[in-house]
Amino acid sequence: MVTSSGVTEAGLSTVAGIPEDSGGLHLSTARGKWVLTATVLGSSMAQLDATVVGIAQPAIGKEFHAQIAGLQWVSAGYLLTVAGLILLAGALCDRYGRRKIFVIGVTWFAIASLICATAPNIGLLIAARGLQGVGGALLTPGSLAILEASFVQGERGRVIGAWSGLGGVATALGPFVGGFLITAVSWRLIFLINVPIAAAVIYISMRHVPETRDPNATGDIDIAGSALTVLALVGISYGLIQGSSGQWTSAPVIGALLIGIVSLVAFIVVELRVRAPIVPLDIFKSRQFSATNGVTLLIYGMLGGMFFLLPIELQQVSHYGPTAAGASLLPITFMLFALSSRSGALSARIGPRLQMSAGPLVVAAGLALFARINAGGNYLLEVLPAVLVFGFGLAITVAPLTATAMSSAPAERSGLASAVNNTVARTGSLLAVALLPAIAGITGDSYLHPAVFETGFQHAAFIAAVICAAGGLLAAATIRNGQRPGAQRRSVEEPFHCAVDGPPLRTGTEAGAD
């Protein structure tokens with residue numbers, strides 16, 4: 001994510017606040033390669049963890065005899081701390097040093113991963129996942145910010161492209177490798193493997209990565225706004241997950257929802273009054289920006305909810321092993337790699353409205369096709385068609401959506417705009433993981449009963465399809481083509497970015513060079 005000084009999350013970075021001559025490294029040098037290695041390994045560690053935990057859910061549930069609410073918290077615990085703290089982490093990077101916060105985040109992430117790997121019960125695992133999210137929030141903004149600040153300006157595009165490709169390979173292989181580790185040893189190994197990776201990142205960073213900070217990052221940091229963000233997410237998430245188990249009228253659920261709502265209102269009040277808000281709310285005066293984030297909330301919310309349920313469906317209903325379940329989704333990543341940059345280039349030529357309207361409808365069709373998956377689990381007839389349509393829809397949608405989120409704000413706030421868009425995407429996933437299973441009738445231990453879960457999963461797939469289609473209709477009604485007034489032409493070195501946990505997408509110029 002980003003502060004107004006220009007550090008963004010998951011590769012969403014601008015050079016605001018970074019003097020043009022501050023970076024002096026070249027990728028051809030040994031030190032340049034070491035810096036790239038540290039940032040790729042650090043960001044890939046967080047990306048891998050986000051993808052492989054879904055594959056591990058059935059194994060975790062069986063070992064701990066967990067209800068579906070417990071599995072929801074394993075995912076939600078990580079999402080809520082990342083979403084709540086990523087903006088604060090960007091401010092800390094600017095103020096106290098990008099390498100310092102990056103190394104603290106990697107260390108924190110490794111310690112939390114070790115606790116996850118040794119957790120004796122579901123409660124401690126959930127708590128450790130929340131701690132892991134804190135580490136993920138701290139390490140993520142620094143990864144690309146280090147590259148932006150460390151390398152000479154003329155090589156930044158090339159370095160970011162290398163970071164994208166190497167990180168993309170890790171992301172693509174994550175579910176497959178994670179599934180293999182779960183099958184061969186235990187789900188605990190997917191967390192334990194982070195420890196040696198983190199040790200390597202810390203060693204390389206302390207030895208080779210230069211320290212940089214924004215000299216213009218002065219004044220107070222909006223701690224109150226960040227704290228209220230986390231409190232709001234915790235309260236609302238707890239209320240939705242526990243309420244979905246049939247406890248809507250219980251005092252803890254009602255109390256948690258009230259705390260969440262009051263915290264959200266208080267956040268708005270604080271952001272309107274503090275001198276340096278972590279999210280200046282006037283950015284939402286742009287109708288295009290607000291509409292884009294509304295579309296993001298709907299689409300990425302449903303993606304998060306379905307990717308929580310799909311690995312369970314494949315393993316519990318279709319009897320896929322963890323390795324096969326992970327490998328079955330690889331075409332989605334490959335399609336994004338192959339088509340997203342071209343989609344971004346097309347959007348730059350014709351405007352984003354058509355793709356942001358049609359793309360979610362294609363995603364919705366793919367989600368509806370997932371409902372065809374049953375106990376037979378035939379990959380070529382049931383799974384692959386859904387995966388291909390779904391992946392094609394994402395390739396149409398992702399680049400124009402995230403590019404529009406950045407371009408619909410003033411140029412000097414493009415980093416903040418992309419940061420807010422990422423926070424909205426993560427929040428949507430968090431809310432969907434909390435609510436979609438219950439709406440679809442998946443409660444208690446129903447995931448352990450294939451016939452019951454299959455019915456619930458089918459309902460969830462159709463619900464997600466309808467909501468994604470609504471996102472397309474919202475885009476058709478609200479998104480407009482055309483460049484913002486006074487906007488500068490995007491640099492060929494500035495990549496399109498993705499609001500999902502993945503590397504930034506390449507520019508149309510780079511795509512055309514393929």
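Among contacts in the protein between residues at least 6 apart in sequence, what percentage join residues at least 24 apart? The figure is 83%, so keep the whole chain on screen as you go.**The overall view**

Start with everything shown as a cartoon. This is a predicted model. You will find 17 helices and zero strands in the protein. Colour by accessibility next: of the 514 residues, 60% count as buried.

**Helix 3 and helix 4**

Select residues 98-118, which form helix 3, along with residues 122-150, which form helix 4. Their axes come within 7 Å and cross at roughly 155 degrees. With an angle over 145 degrees counting as roughly antiparallel, that makes helix 3 roughly antiparallel to helix 4. Look along the pair and you can check the handedness: helix 3 passes helix 4 in a left-handed crossing. Colour the contact by residue class and you get 19 nonpolar, seven polar and three charged residues.

Now zoom in on G135, which sits in helix 4. Is G135 buried or exposed? G135 is buried, with a relative accessible area of 0%. Leaving aside residues up to four places away in sequence, G135 touches G105, W108 and F109. Add V82 to the selection and draw a C-alpha to C-alpha distance: V82 and G135 are 8.2 Å apart in space, though 53 residues apart in sequence.

**Helix 10 and helix 14**

Next, select residues 287-317 for helix 10 and residues 379-407 for helix 14. Here the axes come within 11 Å and cross at roughly 155 degrees. That angle makes helix 10 roughly antiparallel to helix 14, and the crossing is left-handed.

Show side chains for the contact. On the helix 10 side, pick Q288, F289, T292, V295, T296, I299, Y300, L303, F307 and L314. Across from them, on helix 14, pick V383, F390, L394, T397, V398, L401, T404 and A405. By class, this contact has 13 nonpolar, five polar and no charged residues.

**Helix 10 again, with helix 13**

Keep helix 10 and swap its partner for helix 13, residues 353-370. At what angle do helix 10 and helix 13 pack? The angle is about 20 degrees, with the axes 12 Å apart. Since angles under 35 degrees count as roughly parallel, that makes helix 10 roughly parallel to helix 13. Helix 10 passes helix 13 in a left-handed crossing.

For side chains, show T292, I299, L303, M306 and L310 of helix 10 together with M356, P360, V363, L367 and F370 of helix 13. This contact has nine nonpolar, one polar and no charged residues. Try T292, I299 and L303 in a colour of their own: these residues of helix 10 take part in the contact with helix 14 and in the contact with helix 13.

**Helix 16 and a partly exposed valine**

Move on to residues 450-478, helix 16, and find V452 there. V452 is partly exposed, with a relative accessible area of 44%. For a distance to draw, take G441: its C-alpha atom and that of V452 are separated by 8.8 Å, and the two residues are eleven apart along the chain.

**Last stop: cysteines**

How many disulfides does a search of the whole structure find? The search finds zero. Two cysteines to click on are C116, buried with a relative accessible area of 0%, and C468, which counts as buried at 0% relative accessibility.

Definitions and conventions. Residues are numbered from 1 along each chain as its sequence is written. This is a predicted model: local features need pLDDT of at least 70, side-chain atom pairs count only at pLDDT 80 or more; totals for chains, interfaces and linings use all residues. Side-chain values use heavy atoms; hydrogens and water are left out. Axes are lines fitted to C-alpha atoms, for helices over the stretch in contact, and angles run from 0 to 180 degrees between N-to-C directions. Helices (H or I, at least four residues) and strands (E, at least two) are DSSP runs, numbered from the N terminus. Angles under 35 degrees count as roughly parallel, over 145 as roughly antiparallel, 65 to 115 as roughly perpendicular and the rest as oblique. A crossing is left-handed if the near helix is turned anticlockwise from the far one by less than a right angle, and right-handed if clockwise. Contact means heavy atoms within 4.5 Å. Ala, Val, Leu, Ile, Met, Phe, Trp, Tyr, Cys and Pro count as nonpolar, Asp, Glu, Lys and Arg as charged, and the others, Gly among them, as polar. A disulfide is a pair of cysteine sulfur atoms within 2.5 Å. Buried means under 20% relative accessible area, exposed over 50%, partly exposed in between (1.4 Å probe, protein chains only).
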